[in-house]
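Visitor: I would like to learn how to read a ligand site in a model, moving from the surroundings of the ligand to the fold as a whole. Could we begin once the structure is on display?

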Amino acid sequence: MNCIFCNIVEHKAHSEILYESENVLSFLDINPVNFGHTLVITKKHYGDFISVPKNELAHVIKAVQTIAGVIKTKLNCDGFNIVINNGIAAGQTVKHFHFHIIPRFHNDDFRFKLNLKKYSDNLMKEYADKIRAELKFEGTF
Ligand code: AMP
Ligand code: ZN
């Protein structure tokens with residue numbers, strides 16, 4: 001398997017590394033939505049969000065919070081988006097789990113194009129029931 005992010009972890013490919021710990025690596029996205037667009041990844045290769053063990057996820061999300069705080073302060077952005085794309089349909093292009101931290105500015109002309117739907121009749125409850133039923137068996141977190 002040739003994974004660009006694994007290559008970055010192993011320092012076989014160059015990247016502008018911002019932070020590194022035992023489990024986590026963070027570096028600048030090479031094609032930023034806005035300058036300072038940052039990626040935070042597990043050093044181990046997991047295909048997507050669902051596959052990441054919860055203890056590893058905890059390390060990454062803590063790093064995301066700290067790095068987002070630094071980006072907010074140092075780049076003086078008006079806001080930021082934290083995004084995970086999962087699967088081709090959702091826009092995932094690199095199959096190594098990663099968070100995006102995207103600095104945002106008023107009028108930066110980046111918009112998610114929304115085509116919002118309306119639930120009809122009982123449909124909202126049907127969707128909720130489908131999801132709820134499975135969560136009952138998951139226990140507490
Ligand atoms: P996604 O589309 O969510 O899978 O995001 C993958 C991101 O990785 C994209 O935003 C790419 O611009 C970025 N990317 C791909 N290759 C590199 C690289 N060599 N160094 C830094 N970022 C990269
Ligand atoms: Zn990988």
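**Reading the ligand site**

Guide: Of the 16 residues around ligand 1, those that come nearest are D29, N85, T93, V94 and H100. Please keep in mind that this is a predicted model, and that a residue is counted as near when one of its heavy atoms lies within 4 Å of the molecule.

Visitor: Which polar contacts does an oxygen atom of ligand 1 make with the side chain of D29, and at what distance?

Guide: The general idea is to look for pairs of N or O atoms within 3.5 Å. Here, an oxygen atom of ligand 1 lies 2.5 Å from a side-chain N or O atom of D29. A ligand oxygen is likewise 2.9 Å from an N or O atom in the side chain of H98, while at V94 the partner of a ligand oxygen is a polar backbone atom, at 2.9 Å. As for cover, ligand 1 on its own has 510 Å² of accessible area, of which the protein covers 84%.

Visitor: Which elements give two or more residues to the shell around ligand 1, and what is the residue make-up of that shell?

Guide: Here one assigns the shell residues to helices and strands, and then sorts them by chemical class. The elements that contribute two or more residues are α1 (4-9), β2 (24-28) and β5 (98-104), and α1 gives the most, with 3 residues. By class, the shell around ligand 1 holds 8 nonpolar residues, 7 polar ones and 1 charged one.

Visitor: How does the space taken by ligand 1 rank among the pockets?

Guide: The space that ligand 1 takes up is the largest pocket.

Visitor: In which sense do strand β1 and β2 pair, and over how many bridges?

Guide: For such a pair one reads the direction, then the bridges, and then the connection. Strand β1 (residues 17-20) pairs with β2 in the antiparallel sense over 3 bridges, and F27 in β2 is the bridge partner of I17. The two strands, β1 and β2, form a hairpin with 3 residues between them.

Visitor: How many helices and strands does the protein have, and in what order do its elements run?

Guide: The protein has 3 helices and 5 strands, which from the N terminus on run α-β-β-β-α-β-β-α. Along the principal axes, its C-alpha atoms fill a box of roughly 50 × 40 × 30 Å.

How values were computed. Residues numbered from 1 in each chain as written. Chains lettered and ligands numbered in written order. Predicted model: local features only at pLDDT ≥ 70, side-chain atom pairs only at ≥ 80, totals over all residues. Heavy atoms only, no water. Polar contact = N/O pair within 3.5 Å; in protein donor to acceptor, adjacent residues only side chain to side chain. Areas by Shrake-Rupley, 256 points an atom, 1.4 Å probe, with all protein chains shown as cover. 1 Å grid on protein atoms, 1.4 Å probe; cavity = no way out; pocket = protein on both sides within 12 Å on 5 of 7 lines; lining within 4 Å. Sits in = over half its atoms within 2 Å of the grid points. Helix = DSSP H or I, 4+ residues; strand = E, 2+ residues; numbered from the N terminus. Nonpolar A, V, L, I, M, F, W, Y, C, P; charged D, E, K, R; others polar. Pairing = 2+ DSSP bridges.
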